[in-house]
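Work through the exercises below with the structure open beside the text. Each task is followed by a solution in steps.

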Amino acid sequence: MFSYLLGANILAPIGPKPTRILDVGAGSGRWVVEVAEEFPSTIVTGLDLSPILPHGTIPSNCKFIVGDLTDGLKFDDGTVDLVHSRYRRASPPLMRIINAGVKQTQWPCYMRDVYRVIKPGTGWAQCTEFQGHGLFSEGIVPEDSAIRQVCANTTSSLTLV
Ligand SMILES: C[S@@+](CC[C@H](N)C(=O)[O-])C[C@H]1O[C@@H](n2cnc3c(N)ncnc32)[C@H](O)[C@@H]1O
């Protein structure tokens, strides 16, 4: 859905030949697989707390590692072209990303770590967060849209937690 809405998986203006891309909180791994297909000579790594592997054929330039991003990114300084992190919904004032995995107070540390691993001068961080309520209140999103239903379901699920 994100790549459909945004028109691409990668919006950051990375060069045509990245060597290493990292997806933090990779979830289903779909973004990792799609990006690995788009850049067959790039090592695309998905990091997640959970050992989820994508369905289907996994390109040989994909790597999946299990880890907690709050323990620090285990990558050398200045080696990554793009660090991607995407959640589906941010909820101010909590502003947690990666499905409640990173609390507001942990953001600075995470972003410092991202800054440390990206290539100096050419590396990028791409964070995608989703907050539908502003659009909802402006009447942009139709009442019966699927996205409203997704937000309502997410909110009620988080309330249960
Ligand atoms: C909502 S999913 C997003 C998945 C994927 N980025 C996407 O957009 O489809 C959030 C993912 O972040 C992972 N996650 C949460 N906290 C984490 C942490 N501290 N370290 C690593 N991964 C984490 C969860 O296991 C989950 O797979």
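**Exercise 1. Confidence**

What pLDDT does the protein average, and what percentage of the residues score at least 70?

Solution. The model is predicted. Begin with the whole chain: the average pLDDT is 84, and 81% of the residues score at least 70. Next, compare elements: strand S1 (residues 20-24) has the highest confidence, with a mean of 97, while helix H4 (residues 133-137) has the lowest, with 68. Finally, look at residues 88-96, where the pLDDT is below 50. This stretch has 17 contacts in the model beyond near neighbours in sequence.

**Exercise 2. The sheet**

State the order of the strands in the open sheet, and find which strands stand at the edges.

Solution. Step one: the 5 strands follow the order S3-S2-S1-S4-S5, and their pairing is parallel. Step two: strand S3 (62-66) and strand S5 (124-128) each have a single partner strand, so they stand at the edges with one side lacking a neighbour in the sheet. Step three: on average, neighbouring strands are turned by 15 degrees against each other, direction ignored.

**Exercise 3. Strand S1**

Is S1 enclosed or open to the outside, and which strands are joined to it?

Solution. First count: 5 of the 5 residues of S1 are buried, so the strand is largely enclosed by the rest of the structure. Then sort them by face: Arg20, Leu22 and Val24 lie on one side, Ile21 and Asp23 on the other. Now take the partners. Strand S2 (residues 43-48) is joined to S1 by 5 bridges; Ile21 stands opposite Val44, and Leu22 opposite Thr45. S4 is joined to S1 by 4 bridges, and His84 in S4 is the bridge partner of Asp23. Between S1 and S2 the chain passes through H2 in a right-handed β-α-β crossover.

**Exercise 4. Helix H2 and the core**

Find what helix H2 packs against and what H2 gives to the largest nonpolar core.

Solution. Start with position: H2 (residues 30-38) lies across S1, S2, S3 and strand S4 (82-86), at about 175 degrees to S2. Its buried residues are Trp31, Val32, Val33, Val35 and Ala36, and they pack against those strands, S1, S2, S3 and S4. Turn to the core of 24 residues, where Val32, Val35, Ala36, Val44, Val80 and Val83 touch the most other members. H2 provides the largest share, 5 residues. To finish, follow one residue: the contacts of Val35, leaving out residues up to four places away in sequence, are Asn9, Ile10, Ile21 and Val44.

Key: Residues are numbered from 1 along each chain as its sequence is written. This is a predicted model: local features need pLDDT of at least 70, side-chain atom pairs count only at pLDDT 80 or more; totals for chains, interfaces and linings use all residues. pLDDT is the predictor's confidence in each residue, from 0 to 100. Helices (H or I, at least four residues) and strands (E, at least two) are DSSP runs, numbered from the N terminus. Two residues are in contact if their C-beta atoms, placed from the backbone, lie within 7 Å. Two strands pair if DSSP finds at least two bridges between them. Axes are lines fitted to C-alpha atoms, for helices over the stretch in contact, and angles run from 0 to 180 degrees between N-to-C directions. A residue is buried if 20 or more other C-beta atoms lie within 10 Å of its own, exposed if 12 or fewer, and partly exposed in between; C-beta atoms are placed from the backbone. A nonpolar core is a set of buried Ala, Val, Leu, Ile, Met, Phe, Trp, Tyr and Cys residues joined through C-beta atoms within 7 Å. A crossover is right-handed if, with the strands pointing away from the viewer, the path from the first strand over the helix to the second runs clockwise.
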